[in-house]
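Work through the exercises below with the sequence and the structure at hand. Each task is followed by a solution in steps.

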Amino acid sequence: MNKIANKQVICEVLMEKAKEDRDVVVLCSDSRGSASLTPFADTYPDQFVEVGIAEQSLVSISAGLAKCGKKAYAASPACFLSTRSMEPAKVDCAYSHTNVKLIGISGGVSYGALGMTHHSATDIADMASIPGMRVYLPSDRFQTRKLMEALYQDDQTAYIRVGRYAVPDVYSEDNCPFEMDKATVIGEGTDVAIIACGEMVEAAVAASKELNEQGISAGVLDMYCVKPLDEQAVIRAAEKAKAVIVIEEHTRIGGLGSMVCQIVAANAPRKVTCMGLPDAPVITGNSREVFDYYHLNKDGIIAAAKELLK
């Protein structure tokens, strides 16, 4: 069982880059501990800025440093980074084309019992609506490393959402296919195409395996790149299948499901089921309890597939 959270991998990559590149700077909003960035702050104190509980200032200061030639990484809880900081993310980062990577930690329902104030169930819709803002949700630690290494190579802004805890491995160190801004095809299906992002990918893979064993041909598309969405991958998957399922740790309004529906409707009309969180305050509980309550799990996907194919 994997015990390394995606946020820990982010810290590892940033420390590797900071060792060779003094322009790498990390900023936090009183969140170095929860972001697993304490090792970075301790090792490279001159490349670390603690802003305090001031998420708007966090993003604006990051943008200012980027305009001075720094490669800024701003880490803060996703629930605050995608709401309180939305205006500076839009103006200071995306509109101004600054090299700021916004790292939304403890995304989705990771904060569990803290409830709706700390859930980030709208961050995909919020950040994806900003022109020029890219949105990524890596599915495991191996893909997180590939993504962070790729983002280090460019100079445009992006929003990366990761959860709070370690998640099961989808890939392995020796087998983690990755192409920037291209969905990863984990399997192809002629009955149903399952499109997932973030922590939902592991459930999609488990469901597809069981569906295939039951004689239902199910494929999986890991859409870690929610924006820019890999439209051609969506079209190819929909054309091969009879129906499409989209699953995400996000409200069903304005997220990955909404984007996929637009593409499928225009290019390969099929029945689509969007699985996500309701348009209501989410129940209180840990991530697994919340996922199970809303059927965002292997069994929920299997049931949805069978209902679609009736």
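His 97 lies in the loop between α5 and β4. The model is a predicted one.

**Exercise 1. Find the sign of phi at His 97, and decide whether His 97 is buried or exposed.**

Step 1. Phi of His 97 is near 55°, which is a positive value in a residue that is not glycine.
Step 2. Most residues other than glycine have a negative phi.
Step 3. Exposed means a relative accessible area over 50%. His 97 has 53% relative accessibility, so it counts as exposed.

**Exercise 2. Which residues of helix α5 are buried, and how are they placed around the axis?**

Step 1. Helix α5 covers residues 86–95, and its buried residues are Pro 88, Ala 89, Cys 93 and Ala 94.
Step 2. These residues cover an arc of only 150° around the axis, so they are on the same side of α5.
Step 3. Glu 87 and Tyr 95, on the other side of α5, are exposed.
Step 4. The cover over the buried residues of α5 includes α3 (55–67), β4 and α6.

**Exercise 3. Decide whether Ser 36 is buried or exposed, and give its phi.**

Step 1. Ser 36 is placed in the loop between β1 (24–28) and α2 (38–43).
Step 2. Its phi is near 60°, a positive value in a residue other than glycine.
Step 3. The cut-off for buried is under 20% relative accessible area. Ser 36 has 17% relative accessibility and therefore counts as buried.

**Exercise 4. Place Ser 110 and Thr 117, and decide for each whether it is buried or exposed.**

Step 1. Ser 110 is in the loop between β4 (100–105) and α6 (123–128). Thr 117 also lies in the loop between β4 and α6.
Step 2. Ser 110 has a relative accessible area of 5%, so it is buried. Thr 117, at 57% relative accessibility, counts as exposed.
Step 3. Beyond its neighbours within four places in sequence, Ser 110 is in contact with Gly 163, Arg 164, Tyr 165, Glu 199, Glu 249 and Ser 287. A polar atom of the Ser 110 side chain lies 3.2 Å from the backbone nitrogen of Arg 164.
Step 4. With residues up to four places away in sequence not counted, Thr 117 touches Cys 79 and Phe 80. The C-alpha atoms of Thr 117 and Cys 79 are 7.5 Å apart, although 38 residues separate the two in sequence.
Step 5. The side chains of Thr 117 and His 118 are joined by a polar contact of 2.9 Å.

**Exercise 5. Check the span of helix α8 against its number of residues, then find its buried side.**

Step 1. Helix α8 (residues 200–213) has 14 residues, and at 1.5 Å a residue it should span 20 Å; the C-alpha atoms at its ends are 20 Å apart, so the two values agree.
Step 2. Met 200, Val 201, Ala 203, Ala 204, Ala 207, Ser 208 and Leu 211 are the buried residues of α8.
Step 3. They cover an arc of only 155° around the axis and are therefore on the same side of α8.
Step 4. Lys 209 and Glu 213 are exposed, on the face of α8 turned away from its buried side.
Step 5. Among the elements that the buried residues of α8 pack against are β8 (192–196), β9 (218–222) and α12 (298–308).
Step 6. After α8 comes Gly 215, with a positive phi near 90°.

**Exercise 6. How many residues of β9 are buried, and which strands pair with β9?**

Step 1. Five of the five residues of β9 are buried, so β9 is largely enclosed by the rest of the structure.
Step 2. Ala 218, Val 220 and Asp 222 are buried on one side of β9, and Gly 219 and Leu 221 are buried on the other.
Step 3. β7 pairs with β9 in the antiparallel sense over three bridges. Gly 187 has Val 220 as its bridge partner in β9.
Step 4. β8 and β9 run parallel and are joined by five bridges. Val 192 stands opposite Ala 218.
Step 5. Together, β8, α8 and β9 form a right-handed β-α-β unit.

**Exercise 7. In which sense do β11 and β12 pair, and through which helix does the chain cross?**

Step 1. β11 pairs with strand β12 (residues 271–277) in the parallel sense, over six bridges.
Step 2. The chain goes from β11 to β12 through helix α10 (residues 256–267), in a right-handed β-α-β crossover.

Methods:
Residues numbered from 1 in each chain as written. Predicted model: local features only at pLDDT ≥ 70, side-chain atom pairs only at ≥ 80, totals over all residues. Heavy atoms only, no water. Helix = DSSP H or I, 4+ residues; strand = E, 2+ residues; numbered from the N terminus. Expected span 1.5 Å × (residues − 1). Buried < 20%, exposed > 50% of the residue type's maximum accessible area, 1.4 Å probe, protein only. Arc of directions from axis to C-beta. Contact = heavy atoms within 4.5 Å. Pairing = 2+ DSSP bridges. Right-handed = clockwise from strand over helix to strand, strands pointing away. Polar contact = N/O pair within 3.5 Å; in protein donor to acceptor, adjacent residues only side chain to side chain.
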